[in-house]
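Colleague: I'm new to reading protein models. Could you walk me through this one?

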Amino acid sequence: MKALYKGRLSDVWEISKTNAQPVWVQQAFKENYLRWNDDKLAISMSGINPSVKFNLKITLLSYPGYASYPVGYIGDFLDITNHSVVSKKRFHKDYQIIEED
């Protein structure tokens with residue numbers, strides 16, 4: 001889905017095993033950037049919608065692997081534009097849905 005966050009358009013997906021998956025989510029599962037571990041979703045942020053700025057930030061400011069593999073839970077939202085996992089409560093507070101998938 002498309003949503004506004006701080007006035008900017010973002011691509012987001014509500015993490016679920018059953019809801020519709022946009023093309024970028026399907027591709028990320030296919031390339032193993034997203035993978036289920038029980039009801040937790042392991043996410044390789046550096047592989048999905050790569051951003052040189054984001055990847056440099058991870059490399060320079062964190063331990064190897066830290067923050068590049070966040071975990072999302074069913075009901076959370078994956079904001080791939082801003083490289084973040086957002087809780088349902090925060091999503092409904094900070095985002096405005098523009099277009100459903």
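Modeller: Let's go through the overall makeup, the sheet, the cores and two unusual backbone angles.

Modeller: Ground rules: this is a predicted model, where local features need pLDDT of at least 70, side-chain atom pairs count only at pLDDT 80 or more, and totals for chains, interfaces and linings use all residues. Residues are numbered from 1 along each chain as its sequence is written, and side-chain values use heavy atoms, with hydrogens and water left out.

Colleague: How many helices and strands are there in the protein?

Modeller: Helices (H or I, at least four residues) and strands (E, at least two) are DSSP runs, numbered from the N terminus. Here you get 3 helices and 8 strands. Starting at the N terminus, they go β-β-α-β-β-α-β-β-β-α-β.

Colleague: Which strands form the open sheet, and in what order?

Modeller: Two strands pair if DSSP finds at least two bridges between them. In this model, an open sheet of 3 strands has the order S3-S4-S5 with antiparallel pairing. S3 and S5 are the edge strands, each pairing on one side only. From one strand to the next, the twist averages 30 degrees.

Colleague: What holds each pair together in terms of bridges?

Modeller: S3 (residues 34-37) is joined to S4 by 4 bridges. Within that pair, Arg35 sits opposite Ala42, and Trp36 is opposite Leu41. On the other side, 3 bridges link S4 to S5 (residues 71-73), with Lys40 partnered by Tyr73.

Colleague: And what packs on the sheet?

Modeller: To judge that, use contacts (heavy atoms within 4.5 Å) and axes, which are lines fitted to C-alpha atoms, for helices over the stretch in contact, with angles from 0 to 180 degrees between N-to-C directions. H1 packs on the sheet, touching S3 and S4, and its direction makes about 70 degrees with that of S3.

Colleague: How do I read a nonpolar core?

Modeller: Start with burial: buried means under 20% relative accessible area, exposed over 50%, and partly exposed in between (1.4 Å probe, protein chains only). A nonpolar core is then a set of buried Ala, Val, Leu, Ile, Met, Phe, Trp, Tyr and Cys residues joined through side-chain atoms within 4.5 Å. The largest one here has 12 residues, including Trp13, Trp24, Leu34, Leu41 and Ile80. Helix H1 (23-30) and strand S4 (40-43) are the elements giving two or more residues to this core, and H1 gives the most, with 3. Apart from that core lies another of 8 residues, among them Met1, Ala3, Tyr5 and Tyr95.

Colleague: What share of the residues is buried?

Modeller: Of the 101 residues in the protein, 35% are buried.

Colleague: What is special about a positive phi?

Modeller: Most residues other than glycine have a negative phi. Asp38 isn't a glycine, yet its phi is positive, about 60 degrees. You'll find Asp38 in the turn of the hairpin formed by S3 and S4, which has 2 residues between the strands. His83 is another non-glycine with a positive phi, near 50 degrees, in the loop between S6 (77-79) and S7 (84-86).

Colleague: Are those two residues buried or exposed?

Modeller: Asp38 is exposed, with a relative accessible area of 62%. His83, at 11% relative accessibility, counts as buried.
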